[in-house]
Amino acid sequence: MDIRTRKLMAFLDAAVSVYHAAAYLADTLDQAGYTRLSEGECWDLTAGGKYYLVRGGTAVLAFRVPETNPKGFMMSASHSDRPTFKVKENGELTGKYTRLATEKYGGMLMAPWLDRPLSLAGRVMVETEDAVEGRLVNIDRDLMMIPNVAIHMNRQANDGYKWNPAVDTLPLLGSAGAEGKLAQLLEDTAGGKILGHDLFLYIRQKSTVWGIDEEYLSSAAIDDLECAWSCTQGFLNAEDGNSIPVLCVFDSEEVGSSSVQGAASKLLESTLQRICDSLGLDEQEMLASSFMISADNGHALHPNHPEYADANNAPLLNEGVVLKFNANLRYSTDGVSAAIFRKICEKAGVKVQTYCNRADIPGGSTLGNISLSHVSVPTADIGLPQLAMHSCYETAGVQDAIDLEKAMETFYSGSLEVTEDHYRFV
């Protein structure tokens, strides 16, 4: 197995919550020699410096300052969150059994969550002597399960069933005698009294490579941790160029990006402004030679239901990175950004596919059109083809993630020259 695939799988297995995903990326940047910045302090950036910041424990933004006079920003945006179930306040439900009250986060396929070992992970706020401290928690064992109703009691189960998240998907935690034990377990794990929490369910199944030629990768949260990791690796492996490379991994994409850590926030906009202020650069001149890649996975042609795809724009697993198009700007790709991205992939030796929704089947949105409202630069919406998007266990192609790493390494090593209607990636 390729070492790049092993690294991706290690990340996917460790990223049991959005908080753990961001912490893993931050640790990866630490190990690569990046300096962590605080948004609440003055930045003194220097040529050759490598920096990153974390907002809210879930969004990561990193950049490098070239030794030469920079000529623009080369940026990517992906996201760290995934559809899941969030634990409610006062979430313990007691009676004949002890269950957990949850609510849906994002638009999910609900059925795959049933009859699987599950656990809890996320962030808790712990009371200290004079403050409140955020700590990551992960109950690293099979802790609960959402049991299905037997076919004998639900004869319509295979005829199309409407899941009620207030009833059908509440996880079973223990017997009637388990009351209060979860709260104690969480406090023991966190090491103190918990005053607040952001806890999510996750499946216990690890990532795996499979197929007759071991060509497929399945895991939780492939959308969009696969892109987040591939962009990070491309960012770290890139050679120094004439532009400032910027890596963005936002939170909250699955619920509209409208959080202080999401693409709809001013995180990227304010960071670019602070970079320019610290280095004495003109922000508008920099943006005029900048480019954004919005990296969020796309739908592959389904082997059993090809009729759901646009026949001429239906990507296949392991056939290359996907350029995504939509006439109503759900994706930000236009002729200019498509052409530039194709040149980048040509230089990297990577294949490119295209994706459009079937005209009568509306698709989802992503980061590109949201970030454009704050940082207006040419933007290509891209992704990796996958199956079972928004399931708790998704499938993608092994080679595609490697190809995106190569494309992003080339992208981050280059710069964009723009004169009127002439665009040149160098």
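**Exercise 1. Work out which strand gives the most to the lining of the largest cavity, and what else is there.**

Step 1: go strand by strand. S10 gives the most, with three residues in the lining of the largest cavity. (Helices, H or I with at least four residues, and strands, E with at least two, are DSSP runs numbered from the N terminus.) A quick word on what you're looking at: this is a predicted model, where local features need pLDDT of at least 70 and side-chain atom pairs count only at pLDDT 80 or more, while totals for chains, interfaces and linings use all residues. Residues are numbered from 1 along each chain as its sequence is written, and side-chain values use heavy atoms, with hydrogens and water left out.

Step 2: get the volume. The largest cavity comes to about 90 Å³. Here, on a 1 Å grid over the protein atoms alone, a cavity is a set of points where a 1.4 Å probe fits but cannot get out; a pocket is an open set with protein on both sides within 12 Å along at least five of seven lines, and lining residues have an atom within 4 Å of a point. Grid points are joined across faces, edges and corners, and a volume is the space filled by probe spheres set on the points.

Step 3: find the middle. Of the 13 lining residues, Arg 82, Pro 83, Ala 220, Ala 221 and Cys 392 are the closest to the centre.

Step 4: sort by class. The lining has eight nonpolar, two polar and three charged residues. (Ala, Val, Leu, Ile, Met, Phe, Trp, Tyr, Cys and Pro count as nonpolar, Asp, Glu, Lys and Arg as charged, and the others, Gly among them, as polar.)

**Exercise 2. Describe the second largest cavity and say which helix gives the largest share of its lining.**

Step 1: the second largest cavity has a volume of about 30 Å³.

Step 2: list the lining. You'll find Arg 4, Thr 5, Leu 8, Val 398, Ala 401, Ile 402 and Glu 405 there.

Step 3: assign them. Helices H1 (3-14) and H9 (398-413) each supply at least two residues, and H9 has the largest share, with four.

**Exercise 3. Now the largest pocket: give its volume and its lining.**

Step 1: the volume is about 810 Å³.

Step 2: 39 residues line this pocket, and the closest to its centre are His 299, Tyr 355, Gly 363, Gly 364 and Met 389.

Step 3: strands S15 (298-299), S17 (352-356) and S19 (385-387) each bring at least two lining residues.

Step 4: by class, the lining splits into 18 nonpolar, 14 polar and seven charged residues.

**Exercise 4. Place S15 in its sheet and explain why one side of it has no neighbour there.**

Step 1: write out the order. The open sheet of five strands runs S11-S12-S20-S19-S15, with mixed pairing. (Two strands pair if DSSP finds at least two bridges between them.)

Step 2: look at the ends. S11 (208-210) and S15 are the edge strands with a single partner strand each, so one side of each is left without a neighbour in the sheet.

Step 3: check the partner. S15 and S19 run parallel and are joined by two bridges; Gly 298 has Pro 385 in S19 as its bridge partner.

**Exercise 5. Say which residues of H3 (181-190) are buried, and how they are arranged.**

Step 1: pick out the buried ones: Leu 182, Leu 186 and Ala 190. (Buried means under 20% relative accessible area, exposed over 50%, partly exposed in between, with a 1.4 Å probe and protein chains only.)

Step 2: look down the axis. The buried residues of H3 fall within an arc of 65°, so they line one face of the helix. (The arc is that of the directions from the helix axis to the C-beta atoms.)

Step 3: turn to the other side of H3, where Lys 181 and Asp 188 are exposed.

**Exercise 6. Compare the backbone and burial of Ala 221 and Ala 388.**

Step 1: recall the background. Most residues other than glycine have a negative phi, and most peptide bonds are trans.

Step 2: Ala 221 has a positive phi, near 60°. Ala 221 sits in the loop between S12 (216-219) and H4 and is buried, at 5% relative accessible area.

Step 3: Ala 388 also has a positive phi, of about 60°. Ala 388 lies in the loop between S19 and S20 (394-397) and is partly exposed, at 37%.

Step 4: one more oddity: the peptide bond from Asp 223 to Asp 224 is cis, with omega near 10°, and Asp 224 belongs to H4 (222-237).
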